[in-house]
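Hi,

Here is the structure I promised to pass on. Have a look at it first, then read my notes below.

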Amino acid sequence: MREMIWLVRRMALSTFKNYKMMLLYLCLPVFGIALASSIYSDSVESTLRVGVVNLDDGLALNVDMVEYIRKLDQVEVQEVRAEEAKGLLRSGNIDVVLTIPKGFAGSMLSGQPANVGLTSVQGSEVTAYFKSYLNAYIGSLLSIGRSFGEEPAMFDQMYKNYLQMESGLSLKTVEDRSVQHSQSAQTVGYLVVLMLFSAVNLSAMILKEKENRTYFRVFAAPVTGRTYLAANIIVNVGIMLIQIAVTLAVMTWFFHIDSGIPILQMFLLLGLFALVAVSLALTIIAFSSSSMVASGIQTLVIIPTCLVSGCLFPIATMPALMQHAAQFLPQYWLLNTVNRLQQGDLPSDVLLNLAILLAFALVLAMTAAYKFGRNREMSSFI
């Protein structure tokens, strides 16, 4: 135990002595937060601009339907002429053209509705929300028409009652936090990349000490390779926990980004991934004969796996094959856990994800320990 404490103290002092690198470890995640914030700064709710071509003008039923559309959230209505509708649509001044055909109001009375035209150059993704409300409104009018269409007085009375009817539902406006959740998830992705590079750079102390002969002087003392490896893990995980704490503090209190996950849960989750990062770093170091080789391996391993797993770009935008391949990477399971917790899953619902992350950490750590253990001679330990 005394040797372990001495090694941890020595490695910590050696790491913190290089204050420039420590500032780099702590400041780079802040730039990641700023980058994520800038990417999603324009992600606000857009207004759907609807141009109404009313060919059945002058009837109260049509006027009421236009007013109903005007009251919908995130919808802006303007009445346009038929001859100018296509030009406005092509120029992007409006998103959707709603055409009310001649005789539409009368068709409601007969129970045989005339088809309402809906035109958009942006496809169903833009019109789905608007179309659902429009179909519901027309469906209600059609039901009244089929029941009382032959009795205009009764139709008018039921129609007035329908317009004045209160739905019985209580409405409450809630804040849309999807953009903030996307910002925080992207921040976690950038942090993962930095954590992996930081872990390798911190673990590379073993190679540097061998290159400058310090490593051999350490093993002249009664220190085993297992103790030396454990001390390196403790120091590296400790530094990465500081990096995580600074990142979460800046993200929450400076950038005011709500991740949708309690900050303690996020800290513990990232702390678990820190074990994975350090274990991967030690595996890379174990199979490297020099700092140059370690640098090359970390680039070949970290960049491609982070790209595939969705750290830099949303995984939903990738081909299905790459999405399946990402499931073999620890970064994917971290980001998947963050996403599920943001969607409202309980910590007990993601225990399998946490177990997979822990399994990655154990397998990588055992691989590194086995490789180090096979190198019994000091000259070939690395």
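M240 sits in helix α11, which covers residues 225–254. Bear in mind that this is a predicted model. With a relative accessibility of 1%, M240 counts as buried, since the cut-off is under 20%. Setting aside neighbours within four places in sequence, M240 is in contact with M195, A199, A274, A277 and V278. There is also a C-alpha pair to look at here: M240 and G271 are 31 residues apart along the chain, yet their C-alpha atoms are separated by 7.9 Å.

For the overall picture, the chain has 16 helices and 4 strands. Of its 382 residues, 41% are buried. If you take the contacts with a separation of 6 or more, 75% of them come from residues 24 or more positions apart.

Now the cores. The largest nonpolar core has 63 residues, and V188, L196, L270, F273 and L334 are the ones with the most contacts inside it. Helix α12 gives the most to this core, with 15 residues. As general background, nonpolar side chains in soluble globular proteins tend to be buried together. F273 is a good place to start clicking: leaving out neighbours within four places in sequence, F273 is in contact with V192, M195, L196, P330, Q331, L334 and L357. Another core lies apart from the largest one; this other core has 22 residues, including I69, M108, F130 and Y137.

Next, the helix packing, where I looked at α12, α13 and α15.

How do α12 and α15 cross? Their axes come within 11 Å and cross at roughly 175°. Angles over 145 degrees count as roughly antiparallel, and α12 and α15 are therefore roughly antiparallel to each other. On the α12 side the contact is made by Q265, M266, L269, L270, F273 and V276, and on the α15 side by P330, Q331, L334, T337, V338 and L341. By class, that contact has 9 nonpolar and 3 polar residues, with no charged ones. F273 turns up here again, and its own contacts include P330, Q331 and L334.

α12 (residues 263–286) also packs against α13 (residues 291–309), at an angle of about 135° and with the axes 9 Å apart. That makes α12 oblique to α13. The crossing of these two helices is right-handed. L280, I284 and I285 in α12 are the residues that meet A294, I297, Q298 and V301 in α13. The contact of α12 with α13 divides into 6 nonpolar residues, 1 polar and no charged.

The remaining pair is α13 with α15 (residues 330–342), packed at an angle of about 35° with axes 8 Å apart. The crossing of α13 and α15 is right-handed. T305, C306 and S309 of α13 make the contact with Q331, Y332 and L335 of α15. The classes in the contact of α13 with α15 are 3 nonpolar, 3 polar and no charged residues. Q331 is worth keeping on screen, as Q331 is also listed in the contact of α12 with α15.

Two polar residues in these helices caught my eye. Is Q298, in helix α13, buried or exposed? At 7% relative accessibility, Q298 counts as buried. Beyond the residues within four places in sequence, Q298 is in contact with F197, V200, N201, I284 and I303. I284 is one of the α12 residues in the contact with α13.

The other one is S279, which lies in helix α12. S279 is buried as well, with a relative accessible area of 8%. Not counting residues up to four places away in sequence, S279 touches A361, L364 and A365.

Last, something from a strand. E79 has its place in β2, residues 75–79. The C-alpha atoms of E79 and G51 are separated by 5.6 Å, with their positions 28 residues apart along the chain. Apart from neighbours within four places in sequence, E79 is in contact with V52, V66 and R70.

That's my list; shout if anything looks odd on your screen.

Cheers

Conventions: Residues are numbered from 1 along each chain as its sequence is written. This is a predicted model: local features need pLDDT of at least 70, side-chain atom pairs count only at pLDDT 80 or more; totals for chains, interfaces and linings use all residues. Side-chain values use heavy atoms; hydrogens and water are left out. Axes are lines fitted to C-alpha atoms, for helices over the stretch in contact, and angles run from 0 to 180 degrees between N-to-C directions. Angles under 35 degrees count as roughly parallel, over 145 as roughly antiparallel, 65 to 115 as roughly perpendicular and the rest as oblique. A crossing is left-handed if the near helix is turned anticlockwise from the far one by less than a right angle, and right-handed if clockwise. Contact means heavy atoms within 4.5 Å. Ala, Val, Leu, Ile, Met, Phe, Trp, Tyr, Cys and Pro count as nonpolar, Asp, Glu, Lys and Arg as charged, and the others, Gly among them, as polar. A nonpolar core is a set of buried Ala, Val, Leu, Ile, Met, Phe, Trp, Tyr and Cys residues joined through side-chain atoms within 4.5 Å. Buried means under 20% relative accessible area, exposed over 50%, partly exposed in between (1.4 Å probe, protein chains only).
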